[in-house]
Amino acid sequence: MGKSAFFLIILICMMMKPIISNGQPSPKPKFVLAIHGGAGTILKKNMTDSLEKAYIEKLTESLQAGYDQIKQGKSSLDAVEAAIHVMEDSPLFNAGKGAVFTNQGKNELDAAIMDGSNLKAGAVAGVTSIKNPISAARAVMDKSEHVMMVGKGAEEFAAKNGIEIVDPKYFWTQQRWDGLQRALKRDAERAELDHDDKQAFLPPYKDEKFGTVGCVALDQHGNLAAGTSTGGMTNKKFGRVGDAPIIGAGTYANNETVAISCTGWGEFFIRSVAAYNVSAKMKYAKLDIKDASQQVIDEIGKLGGDGGMIAIDKNGEVAMPFNTEGMYRGTVTADGKITVEIYK
C-alpha cells in the first residue's frame, strides 16, 4: 500500500469518527422516583384483565403524583409523601384504606419516612385511626424530637398536628376481611393437628401477597428520601410490628449512598437490617446499587424470607430486586417517562 493510500484511509477514519460516535447508545436515563405496591405470589394467570388494569392505573397515578412534586422543584420528601398518599387511599394495597386485619379483627397501620440529606426520620406504628400514616410519620420527623411513636400516643400527636383522623371503620374492606377468615380457618386446622402441644406457637399465616407500599425519590437538589407504609401481616397477633416503620430495616435514605423501601416478610428484613445493609455494602464494599440490593435480597432468601425492595442512588440509578413471583413496581425518569411492571 502506498503512502498516499494509507493517509487517505486515516483521513476517512477520522471523518467517520463522529458518525460512529453518534451511533452509540444514548446515556442511561436518570431516574427520579420509584415505587412499589407489594411483592408476593403475583401471577398473570391469577389476574383478571380488569384488576391488572386497575393496578397499572393506580401505580401510574402514584408515580405521576410524585413526579409532579419533583418537576415543580419540591423536595424528595414531598414526592415520597404524595406518591404514597395515592396508594394509601386505594383498597388495592395493604396500606391505609386497604390494610389487612389483625387476629382481633382490627386494622393496625405502620409507616416511616426518612430524609437522606440529614438522616432525620419519623415513624408511627400500631395506629388505627390515621387516614394517611405516611403523613403522620413525616409529622413525627418534622414536628417532634422523636423518631417513632406508637398506638394511641401517635394518634393523639397526629391529631394535634392536623393529620386527618378517621373512624377505624374507614379501613374495613370485604376482601381483607375474607382474607382474615381464611387465615383463622388455617390456624384452627393447624392447631387441631398439633395434639401434643409441643409447639410454643404456630408459625404465622404467610400472606400470598405483601401489599406494603413504598417510594424512593431523588429531587432536583440531589437529595434522597424514602418512605414505606403498611397494614402489616394478615392475622398478626400481640401488637406485632414489621419492618416498614423501623429505620434501617424497611426504610432508609442517605445522600451518600441510596434510598430504600422494602416489602415482604418483615421479620426477615428486620433481622437482616435490610435497608441499611444495602447502604453499607455500597459505602464500605463499594458495590453498585444493583449488586448491593440483590445481595441483600439473596441473603434474606437464604434465611427463608421473601419479598423485595426498591432503591435509588445519588446518581439516579434504580434497582428493584425481589425473590417472589411478582412485585408491583414502577419508575419515572427525569423527563417524565413512566414505566409500570407487575410480574417477574
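This is a short dialogue on reading helix packing and nonpolar cores in a predicted model.

Q: Let's start with two helices side by side. How do the axes of helix H2 and helix H3 cross?

A: Look at how close the axes get, and at the angle between them. Here H2 (residues 49-71) and H3 (residues 76-88) have axes that come within 8 Å and cross at roughly 160°. Angles over 145 degrees count as roughly antiparallel, so H2 is roughly antiparallel to H3. The crossing of H2 past H3 is right-handed.

Q: Which residues of H2 and H3 make the contact?

A: Here's a general idea to keep in mind: an α-helix has 3.6 residues a turn, so residues three or four places apart point the same way. Now the case at hand. H2 brings Lys58, Leu59, Glu61, Ser62, Ala65, Gly66, Gln69 and Ile70. On the other side, H3 offers Ser76, Asp78, Ala79, Ala82, Ala83, Val86 and Met87. Sorted by character, the residues of this contact are 8 nonpolar, 4 polar and 3 charged.

Q: What about H8 and H9: at what angle do they cross?

A: Read them in the same manner. Helix H8 (residues 274-284) and helix H9 (residues 289-303) have axes that come within 9 Å and cross at roughly 140°. The pair is therefore oblique, and its crossing is right-handed. From H8, the contact takes Ala274, Asn277, Val278, Lys281 and Met282. H9 adds Ile289, Ala292, Ser293, Gln295, Val296, Glu299 and Ile300. That contact divides into 7 nonpolar, 3 polar and 2 charged residues.

Q: Now helix H4: is it mostly covered or mostly open?

A: For this, count the buried residues. H4 (residues 133-143) is mostly covered, with 9 of its 11 residues buried. Among them are Pro133, Ile134, Arg138 and Met141.

Q: And what do the buried residues of H4 pack against?

A: Both helices and strands. The helices are H3 and H5 (151-160), and the strands are S2 (109-115), S3 (120-127), S4 (148-150) and S7 (224-230).

Q: Last one: how many residues are in the largest nonpolar core, and which have the most contacts inside it?

A: A core is read as a set of buried residues joined through their side chains. The largest one here has 46 residues, and Leu33 and Ile35 have the most contacts inside it. Leaving aside residues up to four places away in sequence, Ile35 touches residues including Leu59, Ser62, Ala83 and Met87; those four also belong to the contact of H2 with H3. Apart from this core lies another, of 37 residues, including Ala39, Met114, Phe268 and Ala311.

Key:
Residues numbered from 1 in each chain as written. Predicted model: local features only at pLDDT ≥ 70, side-chain atom pairs only at ≥ 80, totals over all residues. Heavy atoms only, no water. Axes fitted to C-alpha atoms, helices over the stretch in contact; angles between N-to-C directions. Parallel < 35°, antiparallel > 145°, perpendicular 65-115°, else oblique. Left-handed = near helix turned anticlockwise from the far one by under 90°. Contact = heavy atoms within 4.5 Å. Nonpolar A, V, L, I, M, F, W, Y, C, P; charged D, E, K, R; others polar. Buried < 20%, exposed > 50% of the residue type's maximum accessible area, 1.4 Å probe, protein only. Core = buried A, V, L, I, M, F, W, Y, C linked by side-chain atoms within 4.5 Å.
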